[in-house]
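Got the model open in your viewer? Set it to cartoon, keep the selection box handy, and let's go from stop to stop.

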Amino acid sequence: MIILDKTIKKVSPDIFKAVEKEVLYFQNEFVGSDDLILQDDIFRVLENIEDLSIIMFPVEDEDFCGFLFEYRGENFIYINTFLPFEKQIFTAALELYHYLVNGKREFLDLETIDEDKELDLEESKANLFAALLLVPKDVLNKQLNLLKIKKSADLTILKIIKLMDIFAVPFKTIILRLFEIELLTEKETRDWLDIAARNPERGILYQIKKHKIGERWQKRTKHVKLSNLKALIIDNDEMELLPEEKINKDLSFLAGVDVDE
């Protein structure tokens, strides 16, 4: 299972600890606590960052999650709202890491990984940052206690989907967090990750629908949020930065979009 082989916990425990420290710093600085379950509050956290805006728009592409970009000195995170809500939430946290690295400062000291690992270090750190932020260790342990999960043998698919519902994260994120806190061995993690995650006729998604637990996080919200995009287009017109035809085309497009308030 390639996803496990590329986790920082398995490849470099030192980098794992460094990311943990940076997540703790961010939680205390921007969230106000290191023991909160964020779920979709991650969007509020992003909106409270002074020089960062969110753009949401549905694009029917399962592999297109989101990206970070800068335009005229402003930073934007785009999120594809065609995806299940849990993936939108994870994408927001992942792109937050990229913003912190590229938008303000190098978030972690650059370290090299053996090239034989074929690891995309920055993307792996971004995934880890998102997982640690959305599923904090102390809160995860508390929830495990409430669900009476003291060892790996206590885990069931029903308890897994309950954890997914609590933290509003995808199946693989929960399984990898259980590996990272050493509840699951490497072999047990691989076995869990072999279970189909998105097949509505079997596996995790089937169980979610069967038990009606966490269905809200599986919805494709298709929200549209364009931040101050219209103002930027008008600014371009006033400053003659783009052809008038392009400006009019963009404004016509925005006029026809059902934007969420």
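Start by selecting Glu86 and showing what surrounds it. Leaving aside neighbours within four places in sequence, Glu86 is in contact with Met164, Ala168, Val169, Pro170, Arg198, Trp217 and Gln218; contact here means heavy atoms within 4.5 Å. Glu86 lies in helix H5, where helices (H or I, at least four residues) and strands (E, at least two) are DSSP runs numbered from the N terminus. Glu86 is buried, with a relative accessible area of 3%. The scale runs like this: buried is under 20% relative accessible area, exposed is over 50%, and partly exposed is in between, using a 1.4 Å probe and protein chains only. Now add Phe171: Glu86 and Phe171 are 85 residues apart in sequence, and their C-alpha atoms are 9.6 Å apart in space.

A word on what you're looking at. This is a predicted model, so local features need pLDDT of at least 70 and side-chain atom pairs count only at pLDDT 80 or more, while totals for chains, interfaces and linings use all residues. Residues are numbered from 1 along each chain as its sequence is written, and side-chain values use heavy atoms, with hydrogens and water left out.

**Next: Gln218**

Gln218 is one of the contacts of Glu86, so select it now. Where does Gln218 sit? Look in the loop between helix H11 (203–211) and helix H12 (229–238). Gln218 is buried, at a relative accessible area of 11%. Show side chains and you'll find a polar contact of 2.5 Å between the side chains of Gln218 and Arg198. (A polar contact is a pair of N or O atoms within 3.5 Å; within protein, one must be able to donate a hydrogen and the other to accept it, and residues adjacent in sequence count only if both atoms are side-chain atoms.) Beyond four places in sequence, the contacts of Gln218 include Pro84, Phe85, Leu205 and Ile208.

While you're in that loop, click on Lys222, which also sits between H11 and H12. Its phi is near 55°, a positive value in a residue other than glycine. Lys222 counts as partly exposed, at 43% relative accessibility.

**Over to helix H8**

Select residues 157–167 to get helix H8, where Ile160, Ile161, Leu163, Met164, Asp165 and Phe167 are buried. An α-helix has 3.6 residues a turn, so residues three or four places apart point the same way. Step past the end of H8 and you reach Ala168, with a positive phi near 55°.

**Aromatic stops**

The whole structure holds 10 aromatic pairs. To pair, rings of Phe, Tyr and Trp (its six-membered ring) need centres within 6.5 Å; planes under 30 degrees apart count as stacked, over 60 as edge-to-face and the rest as tilted. Select Phe43 and Phe85: the ring centres are 6.1 Å apart and the planes are at 5°, so this pair is stacked. Phe43 is in helix H4 (residues 42–47) and Phe85 in helix H5, so the pair ties together parts that are 42 residues apart in sequence. Phe43 is buried at 9%, and Phe85 is buried at 12%.

Then pick Phe64 and Phe67, an aromatic pair that is stacked, with 6.1 Å centre to centre and 25° between the planes. Are these rings' residues buried or partly exposed? Phe64 counts as partly exposed at 27%, and Phe67 as partly exposed at 35%. Add Phe69, Phe76 and Tyr78, and you have one aromatic cluster together with Phe64 and Phe67.

**Last stop: the largest pocket**

About 930 Å³ of space lies in the largest pocket. Of the 33 residues that line it, select Ile3, Phe90, Asn127, Lys172 and Thr173, the closest to its centre. A pocket, on a 1 Å grid over the protein atoms alone, is an open set of points where a 1.4 Å probe fits, with protein on both sides within 12 Å along at least five of seven lines; lining residues have an atom within 4 Å of a point. Now colour helix H5 (85–104), helix H6 (121–134), helix H9 (171–180) and H11, since each supplies at least two residues of that lining. By class, the lining has 14 nonpolar, seven polar and 12 charged residues.

Zoom out to finish: the protein has 13 helices and three strands, and 47% of its 261 residues count as buried.

Terms used. Grid points are joined across faces, edges and corners, and a volume is the space filled by probe spheres set on the points. Ala, Val, Leu, Ile, Met, Phe, Trp, Tyr, Cys and Pro count as nonpolar, Asp, Glu, Lys and Arg as charged, and the others, Gly among them, as polar.
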